[in-house]
Amino acid sequence: MSRRARIPNLGGARAVVLHRPHPGIEALARQLGAIGLEVTEAWPDLPASAVGADFLFFDVDLGFDEQFPWAPGEAPMPLVALIGSEAPGRIEWALAQKADAQIVKPVGSAGVYSALLIARRAFDERRRLAAEIASLRERVAERQTVVRAVVALSSRTKDEDQAYAQLRALAMSWQVTLEEAARRVVDLQSAEGSHERPRRA
Amino acid sequence: MRLAGRRGFFVWNAAPLKRRIDIGVLYSRSGSYTLLGEACRAGALGAIAAVNADPKRSIAFAAVERDPAGRSEAYAPLAAEILRDTPARHLVGCITSWSRKEVIPALEKQGGLLWYAAPYEGFEASDHVVYLNASPNQHLVPLVAHVAARFGRDAFLVGSNYIWGWEMNRIARDLVADAGGEVRGERYLPLGDTDVSRLVEEVRATAPDFVLNNLIGPSAYAFYAAYAALGRDDPRFRPDRRPIVSCNLTEAELPSIAPFGEGHLSCLPFIHAGEASPSSSFEAAAHAAVTVLADAIEAAGTDAPDAVRQVLAAAPHETALGAIRIDARTQHAALPVKIGRIAGTRFEVLEESRGSVEPDPYLSHYDPAATFRPSLRLVR
């Protein structure tokens with residue numbers, strides 16, 4: 001996969017900062033504004049509109065699961081952890097949220113831009129991998145269906161190789177995955193079977 | 001904070017009572033970018049003299065000068081020394097991004113403010129720096145738009161091998177692609193290297209529509225000379241067909257490349273129009289830095305950097321760059337954009353913006369569709 005370097009387009013992106021007002025994070029909103037983002041600050045509750053934000057910065061020191069309207073690790077946007085105390089329990093909690101980048105408090109001018117770019121890249125990559133894993137899982141789960149479809153088709157063809165080729169041809173003409181085609185073949189087969197049974201009986 | 005009374009003291013200067021404020025001046029007077037350092041130094045010292053001579057001003061500046069001699073590692077210790085050992089809270093200084101990035105930690109540690117007067121590659125907004133010269137939406141973006149519309153869209157990118165060249169060329173790759181062109185080549189020379197023969201051969205072989213020059217100092221001078229020789233040999237490479245275009249080449253360096261710069265282009269916030277001074281955008285920006293600083297100290301009633309930052313953006317400032325405003329969010333100046341063509345040791349203005357262009361150091365508001373549609377006013 002080739003990805004051409006682009007001018008990162010952050011203008012008008014929305015960031016929510018989930019942190020109580022504190023001198024250690026004053027520079028964060030300023031820096032996000034300088035970069036061109038719209039910033040909303042919230043504590044302790046996330047506003048409903050936060051679900052549509054492009055980035056969420058969250059406090060690791062005082063944060064808790066119930067602040068988020070999603071299960072831990074399932075945020076729909078890149079997360080940046082704001083770390084003060086480096087207590088292992090707190091770091092573990094931030095990891096459970098699946099933070100994509102972190103900034104150590106107090107926040108200065110440096111570090112915010114790189115956190116944005118790293119978080120977005122990591123989040124996109126994580127999402128891409130999750131989608132790929134889901135699709136692979138689906139295919140693995142359908143292994144048995146494929147075997148059953150090939151067996152069903154091979155009763156009408158010379159051998160299994162031909163049956164498999166036929167299954168692929170069906171998938172292409174139906175414009176579905178091999179696994180989906182296999183499922184249809186198996187469904188047809190069992191439908192035919194259920195019609196046949198009474199006649200035989 | 002009530003620092004002013006403690007650190008400043010009163011001096012008699014002409015008739016009125018002026019409060020003395022020390023400011024650091026940190027420019028290199030030797031090394032590979034001497035001419036730029038000297039131009040900025042002249043601007044800063046000229047503005048200090050103007051502030052001191054102005055009877056309407058309630059303050060007088062005393063320059064605390066240090067010379068890093070072009071050595072990037074010398075900047076941070078000298079900045080720290082000024083902030084630690086003298087009353088100065090403000091520094092006017094640095095040319096290269098390298099030196100600016102070295103100085104920022106010292107400013108953060110000791111609570112100083114740097115007034116930075118060189119054009120740079122953007123993607124920074126330190127609250128310890130006020131940026132008085134152009135960043136890419138005020139130089140590179142309008143420059144590529146100008147040349148793509150007139151000479152063609154295909155570019156060759158050259159630069160000195162450090163952050164300015166790398167980042168400028170990275171942005172240029174995107175701009176050229178958005179203009180519908182292609183990058184025919186991209187080459188870097190070590191700082192100070194003057195062996196440009198291979199570079200010129202590659203430009204000849206690939207025949208781009210323009211060459212974006214991000215070389216600095218002697219490397220740039222050698223490149224202009226060699227390119228002029230190529231143009232004499234092969235008319236396809238004359239400046240009216242395939243110009244070299246730059247964002248950091250000003251009047252300060254034109255005597256060093258004359259007559260080989262003739263007809264090539266620069267995009268700058270200030271072009272010398274014959275007045276006594278300032279005579280380049282480096283000089284004008286450093287001059288403006290001191291003017292804005294004086295305005296802000298008078299408005300704040302103190303030279304404490306936090307107080308100065310609070311009032312910076314409150315009103316426009318009459319400066320050597322014209323009437324300019326500082327954007328509170330980014331601490332970058334809104335600046336005019338001018339595209340000039342080299343004629344002797346001056347520039348002819350080909351095109352200029354209507355008024356000032358707001359700073360956008362992260363190119364967050366860059367819009368390819370609007371950029372590659374003509375929007376600047378044609379002067380001639």
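Which residue follows H1(A), and what is the sign of its phi? The residue is Gly36(A), with a positive phi near 115 degrees, and its setting is taken up in the last of the legends below, which describe close-up views of a predicted model.

**View 1. Overall dimensions and secondary structure of chain B in the predicted model.**
Chain B is built from 12 helices and 17 strands, and its C-alpha atoms occupy a box of roughly 65 × 40 × 35 Å along the principal axes. A compact globule with 380 residues would have a radius of gyration near 21 Å, and the 21 Å of chain B therefore agrees with that expectation. Of the 380 residues in chain B, 55% are buried. Among the contacts in chain B with a separation of 6 or more, 70% are between residues 24 or more positions apart.

**View 2. Strand E7 (residues 155-160) of chain B and its parallel partners E8 and E9.**
Strand E7 of chain B has 6 of its 6 residues buried, so it is largely enclosed by the rest of the structure. Ala155(B), Leu157(B) and Gly159(B) point one way from E7(B), whereas Phe156(B), Val158(B) and Ser160(B) point the other way, and all are buried. E7(B) is joined to strand E8 (residues 183-189) of chain B by 6 bridges in a parallel arrangement, and within this pair Val158(B) has Arg187(B) as its bridge partner. Between these two strands the chain passes through H6(B), giving a β-α-β crossover that is right-handed. E7(B) also pairs in the parallel sense with strand E9 (residues 210-214) of chain B, over 5 bridges, and here Gly159(B) is opposite Asn214(B).

**View 3. Strand E4 (residues 90-93) of chain B, covered on both faces.**
On one side of E4(B) lie His90(B) and Val92(B), on the other Leu91(B) and Gly93(B), and all of these residues are buried. Strand E2 (residues 17-26) of chain B pairs with E4(B) in the parallel sense over 3 bridges, with Gly24(B) and Leu91(B) as bridge partners. E4(B) likewise pairs with strand E5 (residues 113-116) of chain B, in the parallel sense and over 3 bridges, and in that pairing His90(B) stands opposite Leu113(B). The path from E4(B) to E5(B) runs through helix H4 (residues 97-110) of chain B, and this β-α-β crossover is right-handed.

**View 4. The open sheet E12-E13-E14 of chain B with helix H10 packed on it.**
This open sheet has 3 strands in the order E12-E13-E14, with antiparallel pairing. Strand E12 (317-319) and strand E14 (333-334) of chain B are the edge strands, each of which pairs on one side only. E12(B) is paired with strand E13 (residues 322-326) of chain B through 3 bridges in the antiparallel sense, and Thr319(B) has Gly322(B) in E13(B) as its bridge partner. Helix H10 (residues 281-300) of chain B packs on the sheet and touches E12 and E13 of chain B, its direction making about 145 degrees with that of E12(B).

**View 5. The contact between chain B and chain A, and the surroundings of Phe123(B).**
Chain B contributes 17 residues to the contact and chain A contributes 15 residues. On the side of chain B that touches chain A, helix H6 (residues 163-179) of chain B gives the most, with 4 residues, and by class this side has 6 nonpolar, 5 polar and 6 charged residues. Phe123(B) lies in the loop between E5 and strand E6 (129-131) of chain B, and it counts as buried because 20 C-beta neighbours are found inside 10 Å. Leaving aside residues up to four places away in sequence, Phe123(B) touches Tyr113(A), Glu167(B), Pro361(B) and Tyr362(B). Phe123(B) and Ser364(B) are separated by 241 residues in sequence, and their C-alpha atoms are 9.8 Å apart in space.

**View 6. Helix H1 (residues 26-35) of chain A and the glycine that follows it.**
Helix H1 of chain A is mostly covered, with 7 of its 10 residues buried, and these are Ala27(A), Leu28(A), Arg30(A), Gln31(A), Leu32(A), Ala34(A) and Ile35(A). The elements covering the buried residues of H1(A) include strand E1 (14-18), strand E2 (38-42), strand E3 (55-59) and helix H3 (112-141) of chain A. Gly36(A), with its positive phi near 115 degrees, follows H1(A).

Note on methods
Residues numbered from 1 in each chain as written. Chains lettered and ligands numbered in written order. Predicted model: local features only at pLDDT ≥ 70, side-chain atom pairs only at ≥ 80, totals over all residues. Contact = placed C-beta atoms within 7 Å. Nonpolar A, V, L, I, M, F, W, Y, C, P; charged D, E, K, R; others polar. Pairing = 2+ DSSP bridges. Axes fitted to C-alpha atoms, helices over the stretch in contact; angles between N-to-C directions. Rg over C-alpha atoms; globule rule 2.2 N^0.38 Å. Buried ≥ 20, exposed ≤ 12 C-beta atoms within 10 Å, placed from the backbone. Right-handed = clockwise from strand over helix to strand, strands pointing away.
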